[in-house]
Each structure stands twice: as C-alpha cells, then as structure tokens.
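Welcome to a short set of worked exercises. Have a look at the model below, then work through each task before reading its solution.

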Amino acid sequence: MAVAEFKKLNRQMMLYRVVQTILVALLVFMAMNYQGLFTLQGKPQQFVGSLVIAIIIQLILIWPVYKLAWRDARIEIEGTASGLTAEQATALRKKRLIGDLWKFCGVAFFIVFVALVPDSKKAPGATFFLATTIFSFLLTCLLYFQCFNFSAKKQIKALT
C-alpha cells in the first residue's frame, strides 16, 4: 500500500491530536477547579487521592483500551485497501460498529456514573468520587486516542 492511501487515516490521526490537546486543557481546568474546591472544603489531600485513584484506574484499563485502539487502527488500515469486495466492506463495517459499541458503552458508563453521584450537600464524600470519575474519564479518552495514533503509525510503518 502506498502512503497516499493513508491520507484519510493521517487526517484522522491529526484530528485525534487536536482532540488530545483539548482534553489535556480540559483535564488541567478540571484539576484546578477540583483542587480549589477541595481546598475550600479543608480537604486538600482528597485532590491528590482522587488523582492517584484515577491513575490506578488507568493502569487497570491500559490493556483493554490499547487492544481496542489497536483493533480500530487495524480496521481503518484494512479499509484503505483498494478493491474491497462487498462482503469485505460489510465485514469491516460490522467490525467498526462493534468497536463503536464498546466505546459508546464506556462513555455511557461514565455519564451514568456521574449522573448518579449524589449532590455534595447530601453526601459529603460525593465530590471525591465525582472528581475521580471525571479524571478517569478524561484520562481514558486520552489513553484511547494516544493508543490509536501509536497503533496506526506502527501498523502503517509495518506495511510500507
């Protein structure tokens, strides 16, 4: 496969880099807000605790997220092949749908979890869990995009 055939994938990887930049800015913004909130509550140690737990969650999620990103990158590369038959295109579409379903389930989990966390006035520890969940969500999104770009570059390099 020629490098020119990966034009769409290279654009997607560039878009993912832009999204990563936005997510990092959002992560820094949220971290500053939660650090201030925990300081106002007189519990600044909870900020560090929420970050540590979010990082531990990322260590647990590295392998499944990497495998999903590797699979998605492989599907995108397979989709760039010229002369795909109708059956091959249908199989790739089905694989993309399954990957999208996994990503949707992950996002839905975090949204439902955040929505079900009670108000901090009703439950004093809720802010800690909310911060941990938001940090974990943003870090998981960053992890996926980084893994996808890494996997795509590696697979493109192997083909060229």
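Helices here (H or I, at least four residues) are DSSP runs, numbered from the N terminus. This is a predicted model, in which local features need pLDDT of at least 70 and side-chain atom pairs count only at pLDDT 80 or more, while totals for chains, interfaces and linings use all residues. Residues are numbered from 1 along each chain as its sequence is written, and side-chain values use heavy atoms, with hydrogens and water left out.

**Exercise 1. Find which element has the lowest mean pLDDT and which the highest.**

Step 1. Start with the term: pLDDT is the predictor's confidence in each residue, from 0 to 100. Where pLDDT is low, the predicted coordinates should not be read in detail.

Step 2. Take the chain as a whole. Its mean pLDDT is 90, and 97% of its residues reach 70 or more.

Step 3. Now go element by element. Helix 3 has the lowest mean, 91, and helix 1 (residues 7-40) has the highest, 95.

**Exercise 2. Compare the span of helix 3 with the expected one, and say which of its residues are buried.**

Step 1. The expected span of a helix is 1.5 Å times one less than its number of residues.

Step 2. Helix 3 covers residues 86-116, which is 31 residues, and an expected span of 45 Å goes with that. From first C-alpha to last, helix 3 reaches 44 Å, close to the expected value.

Step 3. For burial, use these cut-offs: buried is under 20% relative accessible area, exposed is over 50%, and partly exposed is in between (1.4 Å probe, protein chains only). In helix 3, Leu92, Gly99 and Phe110 are buried.

Step 4. Look for the cover, where contact means heavy atoms within 4.5 Å. Helix 2 and helix 4 (126-159) are among what covers the buried residues of helix 3.

**Exercise 3. Trace the salt bridges of lysine 103 and work out what they join.**

Step 1. A salt bridge is a side-chain nitrogen of Lys or Arg within 4 Å of a carboxyl oxygen of Asp or Glu. The whole structure holds six of them.

Step 2. One partner of lysine 103 is aspartate 72, with the closest N and O atoms 3.1 Å apart. Aspartate 72 belongs to helix 2 and lysine 103 to helix 3, so this pair ties together parts that are 31 residues apart in sequence.

Step 3. Check how covered each end is. Aspartate 72 counts as buried because its relative accessibility is 7%, whereas lysine 103, at 26%, counts as partly exposed.

Step 4. Another partner of lysine 103 is aspartate 100, where the closest N and O atoms are 3.3 Å apart. These two sit three residues apart in helix 3, so about one helical turn separates them. Aspartate 100 has 42% relative accessibility and is therefore partly exposed.

Step 5. Put the pieces together: Arg71, Asp72, Asp100 and Lys103 are linked in a network of salt bridges.

**Exercise 4. Describe the surroundings of lysine 95.**

Step 1. Place the residue: lysine 95 is in helix 3. Its relative accessibility is 33%, so lysine 95 counts as partly exposed.

Step 2. List the contacts. Leaving out residues up to four places away in sequence, lysine 95 touches Arg71, Ile75 and Glu78.

Step 3. Inspect glutamate 78 further. It forms a salt bridge with lysine 95, the closest N and O atoms being 3.9 Å apart. The pair links distant parts of the chain, with lysine 95 in helix 3 and glutamate 78 in helix 2, 17 residues apart. At 29% relative accessibility, glutamate 78 counts as partly exposed.

Step 4. For contrast, try phenylalanine 135: lysine 95 is 40 residues from it in sequence and 29 Å from it in space, C-alpha to C-alpha.

**Exercise 5. How far apart are the C-alpha atoms of threonine 21 and leucine 142, and of methionine 14 and asparagine 149?**

Step 1. Threonine 21 is part of helix 1, and with 53% relative accessibility it counts as exposed. Its C-alpha is separated by 9.0 Å from that of leucine 142, 121 residues away along the chain.

Step 2. Methionine 14 is also in helix 1, and its relative accessible area of 46% makes it partly exposed. Between methionine 14 and asparagine 149, 135 residues apart along the chain, the C-alpha separation is 8.7 Å.
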